Amino acid sequence: MPEIVTLPSARYSASSDSFAVDRAFLGVREAAAYLGLSPRTLYVWRHRRQGPPSFRLGARGRVTYRLDALDTWIREQEQADSRSNPALDPVSAAPQRRAGYSATA
């Protein structure tokens, strides 16, 4: 039987490597688990204004992430990585010449 780890408002199934999320908003711990990161990493990224978009929600002002924003951010990261996007592969790019450089000696 596959092991199931229960997080507040999210369930992770080790057998299918997927999340079943009960709501569209995740707290820092749930978002970190969803992304496979530590909550500390998300806090540091938020402080540096990096990483996935987040906002404060509710009377207590808890940091919250939209699930669809996390998915969008993941897709953006894939497109920015040359290993996932063949158009950015430096090996397949045409050689470039420096301006003002002469090949003659």
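This briefing describes the fold, the helix packing and several individual residues of one protein chain. The model is predicted, and its chain contains three helices and six strands, which follow one another from the N terminus in the order β-β-β-β-α-α-β-β-α. Of the 105 residues in the chain, 19% are buried. Among the contacts with a separation of 6 or more, 29% are between residues that lie 24 or more positions apart.

**The sheet**

- Three strands form an open sheet in the order β4-β6-β5, and their pairing is antiparallel; the edge strands, each of which pairs on one side only, are β4 (25-26) and β5 (55-57).
- Strands of a sheet pair through backbone hydrogen bonds, either parallel or antiparallel.
- Strand β6, made up of residues 62-66, pairs with β5 in the antiparallel sense over three bridges, and within this part of the sheet R56 stands opposite V63 of β6.
- The pairing of β4 with β6 is likewise antiparallel and runs over two bridges, with R66 in β6 serving as the bridge partner of F25.
- A hairpin is formed by β5 and β6, which have four residues between them, and G58 in the turn takes a positive phi of about 90°.

**Helices and their packing**

- Helix α3, which spans residues 67-80, lies across β4 and β6 and runs at about 60° to β6.
- Two packed helices are described by the angle between their axes and the distance between the axes.
- Helix α1 (residues 28-35) packs with α3 at an angle of about 35°, the two axes being 11 Å apart, and the crossing in which α1 passes α3 is right-handed.
- On the α1 side this contact is made by A31, Y34 and L35, while α3 contributes L67, L70, D71, W73 and I74; by class, the residues of the contact are seven nonpolar, no polar and one charged.
- The buried residues of α1 are V28, E30, A31, A32 and L35, and these residues pack against β4, α2, β6 and α3.
- An α-helix has 3.6 residues a turn, so residues three or four places apart point the same way.
- Just after α1, G36 adopts a positive phi of about 75°.

**S54 and its surroundings**

- S54 belongs to the loop between α2 (39-47) and β5, and S54 counts as partly exposed because its relative accessibility is 22%, a value that falls between the limits of 20% for buried and 50% for exposed.
- Leaving aside residues up to four places away in sequence, S54 touches R46, V63, T64 and Y65.
- With R46, the contact of S54 includes a polar one between the two side chains, at 2.5 Å.
- S54 and L42 are 12 residues apart along the chain, and their C-alpha atoms are separated by 9.6 Å.

**T64 in strand β6**

- T64 has its place in strand β6, where T64 counts as buried because its relative accessibility is 7%, under the 20% limit that applies to buried residues.
- The side chain of T64 reaches the backbone oxygen of R62 at a distance of 3.1 Å.
- When residues up to four places away in sequence are not counted, the residues that T64 touches are F25, L26, S54, F55 and L57.

**R49 and its backbone**

- R49, like S54, is found in a loop, and for R49 this is the one between α2 and β5.
- The phi of R49 is near 60°, which is a positive value in a residue other than glycine.
- Most residues other than glycine have a negative phi, and most peptide bonds are trans.
- R49 counts as exposed because its relative accessible area is 79%, a value over the 50% limit for exposed residues.

Terms used: Residues numbered from 1 in each chain as written. Predicted model: local features only at pLDDT ≥ 70, side-chain atom pairs only at ≥ 80, totals over all residues. Heavy atoms only, no water. Pairing = 2+ DSSP bridges. Contact = heavy atoms within 4.5 Å. Axes fitted to C-alpha atoms, helices over the stretch in contact; angles between N-to-C directions. Left-handed = near helix turned anticlockwise from the far one by under 90°. Nonpolar A, V, L, I, M, F, W, Y, C, P; charged D, E, K, R; others polar. Buried < 20%, exposed > 50% of the residue type's maximum accessible area, 1.4 Å probe, protein only. Polar contact = N/O pair within 3.5 Å; in protein donor to acceptor, adjacent residues only side chain to side chain.
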